Amino acid sequence: ELLRRAGAIFASEGDSGAAIPPLREAFRIDPSSPAAIVPLADAYLLAGWFDDAVTLLDEAIAAGKGRRTPEQCVYLHRKAQVADATGNRDDQLAFLLEAHNCNKKNGLVAADLANVAETLGDLDLAAKTLRTITLIDTDCPISRGEAFLRQGRISHRQGDDKSAKMWARRAKREEPDSADIDEFLTELGERV
């Protein structure tokens, strides 16, 4: 625990060179613990040691024997971060989707999946993920109101203004004071 804490302190300061040795030692002591694997993978990412991060994460994923668990979700999310850092957007999307399928209640993964899918133009996947976000009760960077609003914007882009209005109204109920929602409703010809 002390080694993990020491590594976390160095990592929070951006010093991956100082963070990696204690985190490696913590991992050596307890190699099957997500509490040892994830911080070490994060330190490798911080250092730009992507091959080391991938090797560590692949071993952790293989140890899971194909089970869909919250831990597997976290490992796959880190692999998506490596793919993002190396500019491989298709792999990033695939890892995020797999991570989301392991744990649909992970708000960080769902938000990243929705954002990347929308950026890459996979609007159906983005909308589906945003619908999932509206049902998540844990922390998520995308609020329910924003998820409804983005579903409305996607519907509008796809030419389905009836659905766009429905999503925008739901967004308005969630966040009645949002200027973005009011602007979108006005764009759709709705009175605010």
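**Group meeting: a walk through an all-helix model**

Okay, so the secondary structure here comes to 11 helices and 0 strands. Before I go on, keep in mind that this is a predicted model. If you read the elements from the N terminus, you just get α-α-α-α-α-α-α-α-α-α-α. In space, the C-alpha atoms fill a box of roughly 60 × 30 × 30 Å along the principal axes. The chain has 192 residues, and 43% of them count as buried. And if you take contacts between residues at least 6 apart in sequence, 46% of those join residues at least 24 apart.

Let's do helix packing, with two pairs to show you.

The first pair is helix H7, residues 107-119, and helix H8, residues 123-133. Their axes come within 8 Å and cross at roughly 155°. That makes H7 roughly antiparallel to H8. As for handedness, H7 passes H8 in a left-handed crossing. Who is doing the touching? On the H7 side we have Ala 110, Ala 111, Leu 113, Ala 114, Ala 117 and Glu 118. From H8, the contact residues are Leu 123, Leu 125, Ala 126, Thr 129, Leu 130 and Ile 133.

The second pair is H9, residues 144-157, with H11. Here the axes sit 11 Å apart and the angle is about 25°. H9 and H11 are therefore roughly parallel to each other. The crossing of H9 and H11 is left-handed. In that contact, H9 brings Gly 145, Leu 149, Gly 152, Arg 153 and His 156. H11 answers with Asp 180, Ile 181, Phe 184 and Glu 187.

Now, salt bridges. How many does the structure hold? The count is 13, and I'll go through a few.

Right at the start of the chain, Glu 1 pairs with Arg 4, with the closest N and O atoms 2.9 Å apart. Glu 1 itself is exposed, at a relative accessible area of 55%.

Further along, the side chains of Arg 169 and Glu 190 meet in a salt bridge, 3.2 Å from N to O. Arg 169 lies in helix H10, residues 161-174, while Glu 190 lies in the segment after helix H11, residues 179-187, so this pair ties together parts that are 21 residues apart in sequence. Are these two buried or exposed? Somewhere in between: Arg 169 is partly exposed at 38% relative accessible area, and Glu 190 is partly exposed at 21%.

Then there's Asp 182 with Lys 172, where the closest N and O atoms are 2.5 Å apart. Asp 182 is in helix H11 and Lys 172 is in helix H10, so this bridge ties together parts that are 10 residues apart in sequence. Lys 172 is partly exposed, with a relative accessible area of 22%. There's also a network: salt bridges with shared partners join Glu 118, Glu 146, Arg 150 and Arg 157. You met Glu 118 a minute ago, as one of the H7 residues in the contact with H8.

On to the cysteines, for anyone thinking about reducing agents. A disulfide is a covalent bond between the sulfur atoms of two cysteines. How many disulfides does the structure hold? The answer is 0. Why is Cys 73 not bonded to Cys 102? Because the Cys 102 sulfur, the closest cysteine sulfur to that of Cys 73, is 6.3 Å away, too far for a bond; the cut-off is 2.5 Å. Cys 73 is also buried, with a relative accessible area of 0%. For Cys 140, the closest cysteine sulfur is the one in Cys 73, and at 12 Å that is too far for a bond as well.

Last stop is Lys 105. Where does Lys 105 sit? You'll find Lys 105 in the loop between helix H6, residues 89-102, and H7. Lys 105 is exposed, with a relative accessible area of 63%. Leaving out residues up to four places away in sequence, Lys 105 touches Ile 136 and Thr 138. And back to a cysteine: Lys 105 and Cys 140 are 35 residues apart in sequence, and their C-alpha atoms are 9.3 Å apart in space.

So, to take home: 11 helices and 0 strands, 13 salt bridges and 0 disulfides. That's me done, thanks!

How values were computed: Residues numbered from 1 in each chain as written. Predicted model: local features only at pLDDT ≥ 70, side-chain atom pairs only at ≥ 80, totals over all residues. Heavy atoms only, no water. Buried < 20%, exposed > 50% of the residue type's maximum accessible area, 1.4 Å probe, protein only. Salt bridge = Lys/Arg side-chain N within 4 Å of Asp/Glu carboxyl O. Helix = DSSP H or I, 4+ residues; strand = E, 2+ residues; numbered from the N terminus. Axes fitted to C-alpha atoms, helices over the stretch in contact; angles between N-to-C directions. Parallel < 35°, antiparallel > 145°, perpendicular 65-115°, else oblique. Left-handed = near helix turned anticlockwise from the far one by under 90°. Contact = heavy atoms within 4.5 Å.
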